[in-house]
Amino acid sequence: MAVHTIQNNRLTVQVKDAGAELCSIRDRAGQEYLFDANPAYWGRSSPVLFPFVGSLKNKEFLYEGKRYPMGQHGFARDMDFSMIRQKADYICFRLESNEETLARYPLPFALQIGYQLEENAIYVLWKVENPSPEKPLYFSIGAHPAFLCPPEGGGMEGCYLGFDIPGNLSYQLLNSQGLLVQDMYTLPLEEGLYRLHPSLFDRDALIVEGPQTGRVWLADRDKRPFITVVFKNAPLFGVWSPAGKNAPFVCIEPWFGRCDSVDFSGDLTQRKYGNCILPGGCFQADYKIIVDRA
């Protein structure tokens with residue numbers, strides 16, 4: 001497994017061929033901000049979720065009358081990408097459909113993931129292409145970066161989640177099969193902040209739908225932000241840390257797609273927040289990670 005490094009005068013970032021996964025973010029003082037994929041908590045650092053985000057009802061999807069088994073978050077995160085371009089502060093990877101993927105997900109695709117450094121920010125750039133001359137491409141894509149909270153260690157208790165909204169945050173939860181339940185919950189905020197504690201994630205991820213905010217951050221015990229995630233057009237996002245593990249990280253996850261709901265009964269073309277690319281077309285999206293201390 002190859003690991004590639006890009007850097008500028010404020011950040012040094014590493015990315016693996018495996019999953020084109022971001023695996024390290026360090027500032028010029030050497031402080032690490034990304035979780036190291038310690039399997040005692042979670043064996044990943046920042047996987048891409050493609051061509052599905054979350055879990056499918058009955059762990060399968062229906063397409064053109066046939067059912068296909070599919071695990072949580074699709075398969076791209078477990079495949080080797082090809083590195084196609086690299087500069088000092090930029091790198092880009094590509095994954096194309098093949099016999100293996102077409103047997104599991106019968107839609108041709110090409111997925112590119114790029115990382116561009118600008119000052120104290122990392123732009124994560126997604127491009128999905130539909131090479132088929134005949135059929136639309138239906139897919140979801142999402143981010144799952146795990147940020148150390150706080151970076152210097154000591155546990156998330158007493159740190160803060162911040163949201164760029166004037167009031168409280170509305171969210172939904174998952175059932176034990178990873179499917180969305182319809183009940184709505186409220187996260188009470190004080191000046192946009194919520195004081196973290198591990199029990200917040202006892203029922204898995206918080207799913208935040210709709211245009212409530214496009215800017216979420218983590219702050220230390222003195223309420224000083226250390227990581228901010230900015231997403232312009234993502235229709236929803238998740239916030240997660242493993243239940244019951246008191247893990248040293250929190251994930252902030254912009255999504256273009258989500259898991260099935262408990263009452264979903266449609267096919268691939270009908271999944272809520274799913275994306276469709278016409279033959280020969282492409283989809284592009286991005287989000288930004290700001291290292292506030294760098």
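In the predicted model, a total of 21 aromatic pairs was counted. One of these is formed by Tyr171 and Tyr185, whose rings are stacked, with 5.7 Å from centre to centre and 25 degrees between the planes. The angle falls under 30 degrees, and the pair therefore counts as stacked. The two residues belong to distant parts of the chain, 14 residues apart: Tyr171 is in strand 14 (residues 169-171) and Tyr185 is in strand 15 (residues 185-187). Tyr171 is buried, its relative accessible area being 11%, whereas Tyr185 has a relative accessible area of 24% and is partly exposed.

One aromatic cluster comprises Phe50, Phe52, Phe61, Tyr68, Phe75, Tyr105, Phe109, Trp126, Phe139, Phe256, Phe283 and Tyr287. Among the members of this cluster, Tyr105 and Trp126 also appear in the largest nonpolar core, which has 79 residues. Within that core, the residues with the most contacts are Ile25, Tyr105, Tyr115, Trp126, Ile141 and Leu196. The element giving the most to the core is strand 23 (residues 282-291), with five residues. A second core, separate from the largest one, has 17 residues, including Ala146, Leu148, Leu174 and Ile207.

The surroundings of Trp126 were examined further. When neighbours within four places in sequence are left aside, Trp126 is in contact with Val48, Gln112, Ile113, Ile141, Gly142, Ala143, Pro254, Phe256, Phe283, Gln284, Ala285 and Tyr287. Among these contacts, Phe256, Phe283 and Tyr287 are also members of the aromatic cluster, and Ile141 is one of the residues with the most contacts inside the largest core.

Note on methods: Residues are numbered from 1 along each chain as its sequence is written. This is a predicted model: local features need pLDDT of at least 70, side-chain atom pairs count only at pLDDT 80 or more; totals for chains, interfaces and linings use all residues. Side-chain values use heavy atoms; hydrogens and water are left out. Rings of Phe, Tyr and Trp (its six-membered ring) pair if their centres lie within 6.5 Å; planes under 30 degrees apart count as stacked, over 60 as edge-to-face and the rest as tilted. Helices (H or I, at least four residues) and strands (E, at least two) are DSSP runs, numbered from the N terminus. Buried means under 20% relative accessible area, exposed over 50%, partly exposed in between (1.4 Å probe, protein chains only). A nonpolar core is a set of buried Ala, Val, Leu, Ile, Met, Phe, Trp, Tyr and Cys residues joined through side-chain atoms within 4.5 Å. Contact means heavy atoms within 4.5 Å.
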